[in-house]
Structure formats: structure tokens, C-alpha cells
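I sat down with this one to see how its strands line up and what sits between them. Here are my notes, in the order I looked things up.

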Amino acid sequence: WGYGNIGRLGHGDEVRQVLPKLVEALREVRVVSVVAGFSYSAAVSHTGALNTWGAGSNGLLGHGEEKYHLTPKLVEALREVKVVSTAAGERHSAAVSHTGALYTWGSDEDGQLGHSDRGNQLTPKLVEALREVNVVSVAVGGYAVAVSELGQFYSWGFGDDACLGHGDLDQRSTPTLVQALCAAPTTE
């Protein structure tokens with residue numbers, strides 16, 4: 001329900017819905033989680049399939065193009081990956097697999113995808129810097145953060161206002177361990 005512009009509701013139209021309405025394309029799918037970005041949405045099924053719909057600018061949907069979709073569509077690049085969680089930002093997206101692999105796609109204007117190269121990524125791409133890390137949680141915004149199964153906290157992307165936690169205002173184009181969170185806990 002809500003504002004239906006550019007298909008962000010997944011009903012096959014751009015109509016505003018004032019009450020909850022079943023997303024017919026997912027009627028037979030057991031959805032276990034859903035996220036909503038500024039102009040698009042994503043749903044993870046119990047089998048680990050990821051469907052996205054809405055605005056496709058900057059490759060937000062992960063379908064290899066920049067057009068919008070009025071109904072949910074499977075992210076083909078992750079067909080063989082069992083997705084357990086996903087995150088939706090204003091300009092980029094992320095997904096975590098059952099093996100702890102992290103994939104990102106969309107705009108990389110500020111390094112927020114975590115790939116050393118810049119530019120839009122139209123399909124999900126493995127974040128190589130975290131290949132050996134078992135990621136359990138991810139969040140995206142103007143920057144990105146991920147937590148490992150060992151409780152390690154990584155951040156990257158837009159660094160203004162010291163939002164990355166590295167003690168500076170620098171942007172990071174690859175995930176960087178937040179050292180301030182690695183200190184041994186006190187026993188007070």
C-alpha cells in the first residue's frame with residue numbers, strides 16, 4: 001500500500017493504494033522478508049529467491065538494466081544463490097547469502113558498493129574484500145555496513161561527518177574493519 005509511482009508497490013500499475021493489497025505476483029511465494037527502498041522493494045522467499053520491483057535507476061533492481069518493473073521479478077544473477085537477507089538504500093542494494101557471502105549492486109558514486117572499481121553495477125556482484133568473512137547482517141544508506149559472525153563491524157562508502165567510524169572523514173571504496181569496535185570489552 002502507499003504511493004504506487006514507478007511500480008514500487010508491485011501491483012502491475014502505478015496506482016496509489018490506501019489499504020493493504022496482496023501482491024498477486026507473489027501469491028504462491030512464501031515470503032520471509034521484505035525491504036523497501038526509497039523507490040523500490042525487494043522480497044526474499046523461503047527458498048532464498050530474491051525478487052525486486054520498482055525503480056531500476058542505477059541498476060537498483062539487479063536485473064542488468066536501468067528500467068523500472070511494475071511487478072516483482074526474480075534477480076537472475078542470484079538464481080543459484082540462497083539469499084537470507086537483503087538491504088535497500090536510496091541508490092544501491094545488497095544481499096547476504098546463506099554462506100555469508102555479500103553481494104551489492106546499484107550506484108557506486110561514493111564507493112558504497114565495496115568494489116574497488118567505480119560506476120553503476122547493474123547486477124549483483126560479490127564483494128571480494130569480504131570473501132573470507134562470513135557476513136550475517138548488512139545495512140545500506142549513503143554508505144554501507146556489515147557485521148560478521150564473529151561480531152566484526154565493517155563500513156565503507158560516504159565518509160563525511162565521520163559516519164564510517166574510522167576516525168576521519170574519508171570515503172572508503174572497500175569494506176574496512178572499524179578498529180574502535182575491536183577493543184576488548186571492559187569488566188566494569
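I began with one strand pair: five bridges join strand 6 to strand 7 (residues 102-106), and the two run antiparallel. Strands here are DSSP E runs of at least two residues, numbered from the N terminus, and two strands pair if DSSP finds at least two bridges between them. Across this pair, His92 stands opposite Gly106 in strand 7.

A note on the source: this is a predicted model, where local features need pLDDT of at least 70, side-chain atom pairs count only at pLDDT 80 or more, and totals for chains, interfaces and linings use all residues. Residues are numbered from 1 along each chain as its sequence is written, and side-chain values use heavy atoms, leaving out hydrogens and water.

Next I looked up the sheet. Its four strands go in the order 5-6-7-8, it is open, and the pairing is antiparallel. Which strands are at the edges? I found strand 5 (83-88) and strand 8 (121-126), each pairing on one side only.

Then I went for the cores. A nonpolar core is a set of buried (under 20% relative accessible area, 1.4 Å probe, protein chains only) Ala, Val, Leu, Ile, Met, Phe, Trp, Tyr and Cys residues joined through side-chain atoms within 4.5 Å. The largest has 14 residues, and Leu102, Leu130, Val135, Val138 and Trp156 have the most contacts inside it. Strand 9 gives the most to this core, with three residues.

I checked Val138 too: leaving aside neighbours within four places in sequence, Val138 is in contact (heavy atoms within 4.5 Å) with Ala87, Ala94, Val96, Leu102, Val145 and Ala146.

How values were computed
Buried < 20%, exposed > 50% of the residue type's maximum accessible area, 1.4 Å probe, protein only.
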